[in-house]
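Work through the exercises below with the structure open beside you. Try each task before reading its solution.

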Amino acid sequence: MNAIVSIRNLSKTYATGFEALKRVDLDIQRGEIFALLGPNGAGKTTLINIVCGIVNGSGGHVAIDGRDIIRDYRVVRAMIGLVPQELATDMFETVWNTVSFSRGLFGKPANPAHIEKVLRDLSLWDKRDNKIMTLSGGMKRRVLIAKALSHEPTILFLDEPTAGVDVELRKDMWEVVRSLRAAGVTIILTTHYIEEAEEMADRVGVIAKGELILVEDKTELMAKLGKKKLVLELQSRLSEIPTGLTTHNLELTEAGSKLVYTYDTKAERTGITVLLNELRAAGIVFKDLTTTQSSLEDIFVDLVRNSK
Amino acid sequence: MNLHGVAAIYRFEMGRARRTLMQSIVSPVLSTALYFVVFGSAIGGRIPEIEGVSYGAFIVPGLIMLSLLTQSIANASFGIYFPRFTGTIYELLSAPISPLEIVLGYVGAAASKSMILGLIILATASLFVPLHIAHPVWMLTFLVLTCVAFSLFGFLIGLWADGFEKLQLIPLLIITPLTFLGGTFYSVKMLPPFWQTVSLFNPVVYLISGFRWSFFELSDVSVGLSLALTLAFLGLCMIAVWWIFKTGYRLRT
Ligand SMILES: Nc1ncnc2c1ncn2[C@@H]1O[C@H](COP(=O)(O)OP(=O)(O)O)[C@@H](O)[C@H]1O
Ligand SMILES: [Mg+2]
């Protein structure tokens, strides 16, 4: 069994009666970077918080490395590092103390060399004796990352790590994430930015309204997302797609009154000019032309509609 | 057993006391010294001895108890309430640490601080009045039991409170009046019979009485009863804490 995180039938209904997760099934593979993508309120934080022990699930099971997160909480939680969405830190502590505290709390003996490495990697070394309240928001987030890495976790959860974060920190953070991944750490991050998933993840899960509606390899998902449709409204109906055209990504819809061309926006050449030239040569006249992008939003809507 | 975790919490909480030295040590010592000046010397000089003990000395155990109760509760309730308030509690909840270990760290630190404070106040008091402790071992036993029990009680308040007002509510409305009416400044035996009976419903009477007995062998109620009630209160608080962690009340949604 290669899944390091295995989620089965996980549900969560909050005390308010709100159903934040609906029977979620998800396997995270060992060593991968997994992005959980979804709009605000989709249930990303709820999912992470249940796995990390902060919120109680209402139904279902979660296993980490084959162990139940409730029964074997000691073993399981020692493996996990969490960088929460909210910037919650001890204001009056120094950076060094708060990061060392985290390591102890997670049951590890003191290891100043490791703490030093973590602080240096996150450009926090110069600030080690500063009180946290004197740090900027970006620096505070670095501290939270350092705390999460203090006990050398094998699974790292990053909940919206780049929300409100400057370019510098983003760069540093991805640097750290890459080196962690190279060291075999499994990374699960949540985001509502598709670019972020694109930049980092091996696989992407899309969650909306508490339902996991798709889990796919990033490359495949991006291929879908990068598609655009050119719709040509024809002067007169066609009974079939004219022969002799270079492209094959054509479709005749609405009883032959519309010709739809699907192309990849990310390709070197979209083929639009060629297509239009060839159509003119074939004597096909159109009265209007529109393009539509299959956005993440569309995919959400499609998937949610289909899952009903 | 996650001993590193317990030690981390304990050190963190003790460190907090060091940062707030003014608030956690200096101010209780100062206010106790003021009580001595006012009640011990100024007024106490006009009050006759109580069963062979000078009034200045008589109030020492009660004053120490007053500080122990309020400081234990304040320390422990703040210690756990503050992370809930700022959101840093997430780390505690996600750590491989059991409820018992969390309580050991927080309550252990709060009780340690109170014990240190109690001993400092005792030392301060001995500068004002000559003190003789008849039963040092019992004195320490009552001191430790009270600190632990009321730190646990404070921890419960810190879990229950959902605002800073509530944090102050119980100490202000219940503990302080009970302590003042619990025989800090007088012997219950000095009250009219009716009020003596009423006093027996005040648990703090038993704490102060037992503690005072270990100094002067003077007590309002029997020492055994004092000990039994202190232990019972400790037990109750333990059960309540256990229940809270079992149900996740106010900690996990
Ligand atoms: N403690 C709570 N009580 C009631 N509802 C909650 C609570 N926490 C979150 N929710 C609701 O659950 C839904 C999912 O929230 P969350 O998991 O934070 O979403 P995301 O992280 O994807 O933005 C939201 O509609 C939110 O309002
Ligand atoms: Mg969230």
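The model is predicted. Begin with A:Glu254.

**Exercise 1. Is A:Glu254 buried or exposed, and where does it lie?**

Step 1. Take its accessibility. A:Glu254 has a relative accessibility of 52%.

Step 2. Apply the cut-off. Exposed means over 50%. A:Glu254 therefore counts as exposed.

Step 3. Place it in the chain. A:Glu254 sits in the loop between strand S12 (250-253) and strand S13 (258-264) of chain A.

Step 4. Look at the backbone. Most residues other than glycine have a negative phi. A:Glu254 is not a glycine, yet its phi is positive, at about 50°.

**Exercise 2. Find the element that holds A:Arg23, then decide: buried or exposed?**

Step 1. Find the element. A:Arg23 belongs to strand S2 of chain A.

Step 2. Check the backbone. The phi of A:Arg23 is positive, about 45°, although this residue is not a glycine.

Step 3. Judge the exposure. A:Arg23 reaches 59% relative accessibility, so it counts as exposed.

**Exercise 3. Describe helix H7 of chain B: its length, its bend and its packing.**

Step 1. Count and span. H7(B) covers residues 164-180, which is 17 residues. From first C-alpha to last it reaches 24 Å. That is close to the 24 Å expected at 1.5 Å a residue.

Step 2. Look for a bend. H7(B) bends by about 25° at B:Leu172.

Step 3. List the buried residues. In H7(B) these are B:Leu167, B:Ile170, B:Pro171, B:Ile175 and B:Thr179.

Step 4. Recall the helix repeat. An α-helix has 3.6 residues a turn, so residues three or four places apart point the same way.

Step 5. Name the partners. The buried residues of H7(B) pack against three helices of chain B: H3 (55-86), H6 (136-160) and H9 (203-216).

**Exercise 4. Two residues of helix H6 of chain B are B:Leu140 and B:Ser151. Classify each by exposure.**

Step 1. Take B:Leu140. Its relative accessible area is 41%, so B:Leu140 is partly exposed.

Step 2. Take B:Ser151. Its relative accessibility is 0%, so B:Ser151 is buried.

Step 3. Find what surrounds B:Ser151. Leaving out residues up to four places away in sequence, B:Ser151 touches B:Ser72, B:Ala76, B:Val107, B:Ala110, B:Ala111 and B:Ser114.

Step 4. Return to B:Leu140. B:Met115 is 25 residues from B:Leu140 along the chain, and their C-alpha atoms are separated by 9.1 Å.

**Exercise 5. How many cavities of 30 Å³ or more are found, and which residues line the largest cavity?**

Step 1. Search the whole structure. There are 4 cavities of 30 Å³ or more.

Step 2. Size the largest. Its volume is about 70 Å³.

Step 3. Read its lining. The residues are A:Val5, A:Ile7, A:Leu26, A:Ile28, A:Phe34, A:Leu36, A:Leu47, A:Ile48, A:Val51, A:Phe157 and A:Ile188.

Step 4. Assign elements. Strands S1 (3-13), S2 (19-29) and S3 (33-37) and helix H1 (44-52) of chain A give two or more residues each. H1(A) supplies the largest share, 3 residues.

Step 5. Sort by class. The lining of the largest cavity has 11 nonpolar residues, with no polar and no charged ones.

**Exercise 6. Describe the largest pocket: its volume and its lining.**

Step 1. Take the volume. The largest pocket has about 860 Å³.

Step 2. Find its centre. Of its 37 lining residues, B:Arg16, B:Gln23, B:Ala74, B:Asn75 and B:Phe78 lie nearest the centre.

Step 3. Find the main contributor. H3(B) gives the most to this lining, with 11 residues.

Step 4. Sort by class. The lining of the largest pocket divides into 20 nonpolar, 11 polar and 6 charged residues.

**Exercise 7. Describe the second largest pocket in the same way.**

Step 1. Take the volume. The second largest pocket holds about 550 Å³.

Step 2. Find its centre. Of its 30 lining residues, A:Asn56, A:Ile69, A:Ile70, A:Arg77 and B:Arg252 are the closest to the centre.

Step 3. Find the main contributor. S4(A) gives the most to this lining, with 4 residues.

Step 4. Sort by class. The lining of the second largest pocket divides into 16 nonpolar, 10 polar and 4 charged residues.

Definitions and conventions:
Residues are numbered from 1 along each chain as its sequence is written. Chains are lettered from A and ligands numbered from 1 in the order in which they are written. This is a predicted model: local features need pLDDT of at least 70, side-chain atom pairs count only at pLDDT 80 or more; totals for chains, interfaces and linings use all residues. Side-chain values use heavy atoms; hydrogens and water are left out. The expected span of a helix is 1.5 Å times one less than its number of residues. The bend at a residue is the angle between axes fitted to the seven residues ending there and the seven starting there. Buried means under 20% relative accessible area, exposed over 50%, partly exposed in between (1.4 Å probe, protein chains only). Contact means heavy atoms within 4.5 Å. On a 1 Å grid over the protein atoms alone, a cavity is a set of points where a 1.4 Å probe fits but cannot get out, and a pocket is an open set with protein on both sides within 12 Å along at least five of seven lines; lining residues have an atom within 4 Å of a point. Grid points are joined across faces, edges and corners, and a volume is the space filled by probe spheres set on the points. Ala, Val, Leu, Ile, Met, Phe, Trp, Tyr, Cys and Pro count as nonpolar, Asp, Glu, Lys and Arg as charged, and the others, Gly among them, as polar.
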